[in-house]
Amino acid sequence: MGLPALEFSDCCLDSPQFRERLKSHEAELDKTNKFIKELIKDGKSLIAALKNLSSAKRKFADSLNEFKFRCIGDAETDDEICIAKSLQEFATVLRNLEDERMRMIENAGEVLITPLEKFRKEQIGAAKDAKKKYDKETEKYCGVLEKHLNLSSKKKESQLQEADSQVDLVRQHFYEVSLEYVFKVQEVQERKMFEFVEPLLAFLQGLFTFYHHGYELAKDFSDFKTELTISIQNTRNRFEGTRSEVESLMRKMKENPDEHRNMSPFTMEGYLYVQEKRHFGTSWVKHYCTYQRDSKRITMVPFDQKSGGKGGEDEAVTLKSCIRRKTDSIEKRFCFDVEAVDRPGVITMQALSEEDRKLWMEAMDGREPVYNSNKDNQSEGTAQLDNIGFSIIRKCINAVETRGINEQGLYRIVGVNSRVQKLLSILMDPKTASETETDICAEWEIKTITSALKTYLRMLPGPLMMYQFQRSFIKAAKLENQESRISEIHNLVHRLPEKNRQMLQMLTNHLANVANNHKQNLMTVANLGVVFGPTLLRPQEETVAAIMDIKFQNIVVEILIENHEKIFNTVPETLPPNSQLLLISHKKNTDSKPPSCSERPLTLFHTAQANENQETRNSIINSSLESVISSNVNSFLHSNSTLRPNLNSSDPDLEVIKPSRPNSLSSISGAWLVGRNPEWEDRTNPRKLRGVPITLGTEATLLSFT
């Protein structure tokens with residue numbers, strides 16, 4: 001029930017019931033006063049806690065903003081860039097949110113604490129003061145009344161009248177005070193209904209404003225959140241593939257580390273202990289040494305692996321001689337002496353083992369270093385880009401597109417290895433392949449067919465997009481601008497041999513069809529890039545750095561799929577810089593065989609004829625090549641007249657060979673026929689020609705300068 005009303009008429013009677021009703025109002029005021037006091041205390045604690053929370057979140061945001069991701073490799077994918085900047089985006093959102101929180105906290109003092117304190121002080125405090133005055137007047141009135149009633153009736157009439165008037169004055173004053181007190185009590189009871197609740201409502205409104213601001217921030221953040229979620233998923237998918245590759249390489253290194261050493265620019269490198277003479281005797285200091293056979297330069301870097309720091313300055317000397325130390329001439333094992341041209345005395349070095357000393361001795365004695373090239377893991381010599389190869393890929397693609405284009409996890413779910421090998425053996429059988437172009441029968445599962453397609457591509461002697469272009473494709477994927485990436489990859493694709501490009505086009509068109517059905521098969525362009533990137537662009541040398549570039553291989557495949565019509569159906573506007581080359585395709589009759597010595601590119605270097613020996617050597621080369629080049633150039637000029645758009649007879653620095661020119665090597669002695677073998681890239685040294693088959697082969701590049 002509510003409080004009873006206090007009637008002003010009861011103030012005059014001042015009955016016990018009136019006093020009881022007044023006491024209930026007073027008790028309610030005391031309760032309200034205590035509640036407001038606790039509420040103010042809790043409100044201040046809440047504001048302090050919010051300030052501490054805001055401070056902690058700001059510190060958290062600062063930590064996020066200061067951290068910078070550093071990815072493995074010399075460039076980052078778009079997904080990695082998105083993930084790297086995500087921390088700064090998070091920090092920005094948190095800071096923006098905390099700015100709004102601080103505005104709410106600053107307003108909370110004004111809209112909540114101050115009004116409550118004012119109500120408690122001015123209203124409830126005034127009611128307490130009125131009660132004190134009322135109690136005082138009650139006591140005074142009761143005392144005067146009792147004293148007046150004790151007056152003797154024998155006193156003079158004038159004294160009695162004066163006493164009566166004094167009592168009337170006191171009673172009247174008591175009555176007025178009683179009325180004021182009742183008015184104030186009821187006023188406070190009514191005021192608390194709005195003056196107490198209104199500040200709480202304003203505080204809640206501030207909270208709602210803060211939360212609404214957070215909602216608006218979440219809406220603005222939604223697009224980046226979606227992009228980031230996709231980038232995280234793509235990065236996780238690439239990580240799974242990369243992790244398995246790295247683990248495989250680690251196991252190979254454990255089993256036989258010598259077969260997986262990196263190709264090094266130095267003839268020999270590694271740790272050696274170098275004997276140094278000190279005042280108190282001799283000491284052996286650990287150095288990391290490198291040796292370059294061509295320049296005979298030895299570089300020694302004092303380095304302690306335990307402390308992780310250099311122990312002095314680097315030193316480089318030129319080798320004069322290297323002599324093995326006899327065992328009985330020194331207490332240490334595995335030692336050898338080195339004499340330098342530019343340093344007096346002998347440098348005594350200690351290898352880590354007898355085998356290590358042997359390698360250092362062989363390197364410094366001018367003998368060839370031991371390099372173990374990384375071998376391709378796939379079977380070579382069995383799969384080729386011949387009619388059978390095209391037939392196999394075409395049959396697999398046709399089976400997938402007619403029977404399984406909507407299967408979930410297409411190309412990602414692998415088939416049973418024994419079934420895959422059996423299907424490949426049937427498809428690769430020359431008798432079966434030459435008989436008919438019939439489709440693969442329905443008894444073969446789609447996952448078996450897709451695995452067979454991928455396995456066949458991995459069985460090629462080299463990746464479909466070729467080892468020599470692998471780094472160029474990776475560099476193209478690392479370009480910052482998407483249009484630049486597409487343009488560069490467009491150029492590179494048209495530098496591939498004709499059969500490679502035809503096979504790549506057929507495969508890419510198929511993958512685009514698969515991606516168009518990603519809602520059913522769940523294979524997006526990004527997922528297909530993860531599956532086919534390592535297959536189409538595998539590196540020649542298997543290293544951790546190469547594995548870290550798998551993500552860029554995936555990007556290349558994504559670009560091929562998304563832009564396949566432009567890349568394969570249009571000729572690039574410009575060739576890449578430093579590549580004004582005329583690619584000559586010479587069709588071979590024996591497509592099923594790997595390139596023989598006679599089919600490899602011709603490498604001929606344009607040099608001045610310095611002496612008679614050189615003239616004699618060139619004469620021998622001319623006579624041995626005259627007939628081959630004559631027939632091949634004539635064949636090219638009559639059968640393959642499609643040239644690059646920017647290579648024409650109007651170029652003052654470049655002249656295309658015409659049929660009217662004589663068919664002899666001497667008549668095109670101003671031409672450079674440049675092959676792609678990396679061993680032949682030194683175009684200034686004619687000695688590089690010795691021991692190299694000199695024939696015009698499948699993919700020579702022909703330049704003629706006027």
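**Figure 1. Helices α9 and α14 are roughly parallel to each other.** In this predicted model, we start with two helices that meet side by side. The axes of α9 (residues 446-459) and α14 (residues 525-536) come within 9 Å and cross at roughly 25°. Angles under 35 degrees count as roughly parallel, and that is why α9 and α14 get this description. On the α9 side, the contact is made by Leu453, Lys454, Leu457 and Arg458. On the α14 side, look for Val531, Phe532, Thr535 and Leu536. Sorted by class, the residues of this contact are 5 nonpolar, 1 polar and 2 charged. You may spot a pattern in the numbering: an α-helix has 3.6 residues a turn, so residues three or four places apart point the same way.

**Figure 2. The whole protein chain, for orientation, has 18 helices and 10 strands.** How many of the 706 residues count as buried, as a percentage? The share is 41%. The accessible surface of the chain comes to about 40,600 Å², and 52% of that surface belongs to carbon and sulfur atoms. Among contacts with a separation of 6 or more, 73% are between residues 24 or more positions apart. Keep that last number in mind for the views below, where we visit some pairs from separate parts of the sequence.

**Figure 3. Helix α12 spans the distance expected from its number of residues.** This helix covers residues 498-516, which makes 19 residues. At 1.5 Å a residue, α12 should span 27 Å, and its end C-alpha atoms are indeed 27 Å apart, so the two values agree. The buried residues of α12 include Met503, Leu504, Met506, Leu507, Leu511 and Val514. Asn500, Thr508 and His510 are also among the buried residues of this helix.

**Figure 4. Arg501, in helix α12, is a buried residue.** Is Arg501 buried or exposed? Its relative accessible area is 16%, and buried means under 20%, so Arg501 counts as buried. Leaving aside neighbours within four places in sequence, Arg501 is in contact with Val493, His494, Leu496 and Phe568.

**Figure 5. Phe119 sits in helix α3 and is buried.** Helix α3 runs over residues 78-149. The relative accessibility of Phe119 is 2%. Which residues touch Phe119, once its neighbours within four places in sequence are left aside? They are Ile36, Ile124, Val188, Arg191, Lys192, Glu195 and Phe196. Take Val188 as an example: Phe119 and Val188 are 69 residues apart along the chain, while their C-alpha atoms are separated by 9.1 Å.

**Figure 6. Ala130 is another residue of helix α3, and Ala130 is buried.** Its relative accessible area is 18%. Ala130 and Val185 are 55 residues apart in sequence, and the distance from C-alpha to C-alpha is 8.6 Å.

**Figure 7. Val346, in strand β7, is partly exposed.** The strand covers residues 343-350. What is the relative accessibility of Val346? The value is 49%. Beyond its neighbours within four places in sequence, Val346 is in contact with Asp337, Val338 and Glu339. Ser321 is also worth finding: Val346 and Ser321 are 25 residues apart in sequence and 9.8 Å apart in space, C-alpha to C-alpha.

**Figure 8. Glu313 lies in the loop between β4 and β5.** These strands are residues 309-310 and 315-324, respectively. Glu313 counts as exposed, at 71% relative accessibility. Still, Glu313 has contacts with Met300 and Pro302, leaving aside its neighbours within four places in sequence. The C-alpha atoms of Glu313 and Met300 are separated by 8.8 Å, and the two residues are 13 residues apart along the chain.

**Figure 9. Two loop residues, Met466 and Leu522, have a positive phi.** Most residues other than glycine have a negative phi. Met466 is not a glycine, yet its phi is about 70°. Where is Met466 found? Its place is the loop between α9 and α10 (467-477). Met466 is buried, with a relative accessible area of 12%. Leu522 is not a glycine either, and its phi is about 65°. Leu522 is found in the loop between α13 (518-521) and α14. At 48% relative accessibility, Leu522 counts as partly exposed.

Terms used:
Residues are numbered from 1 along each chain as its sequence is written. This is a predicted model: local features need pLDDT of at least 70, side-chain atom pairs count only at pLDDT 80 or more; totals for chains, interfaces and linings use all residues. Side-chain values use heavy atoms; hydrogens and water are left out. Axes are lines fitted to C-alpha atoms, for helices over the stretch in contact, and angles run from 0 to 180 degrees between N-to-C directions. Helices (H or I, at least four residues) and strands (E, at least two) are DSSP runs, numbered from the N terminus. Angles under 35 degrees count as roughly parallel, over 145 as roughly antiparallel, 65 to 115 as roughly perpendicular and the rest as oblique. Contact means heavy atoms within 4.5 Å. Ala, Val, Leu, Ile, Met, Phe, Trp, Tyr, Cys and Pro count as nonpolar, Asp, Glu, Lys and Arg as charged, and the others, Gly among them, as polar. Buried means under 20% relative accessible area, exposed over 50%, partly exposed in between (1.4 Å probe, protein chains only). Accessible areas come from the Shrake-Rupley method with a 1.4 Å probe; for residues, only the protein chains shown count as cover. The expected span of a helix is 1.5 Å times one less than its number of residues.
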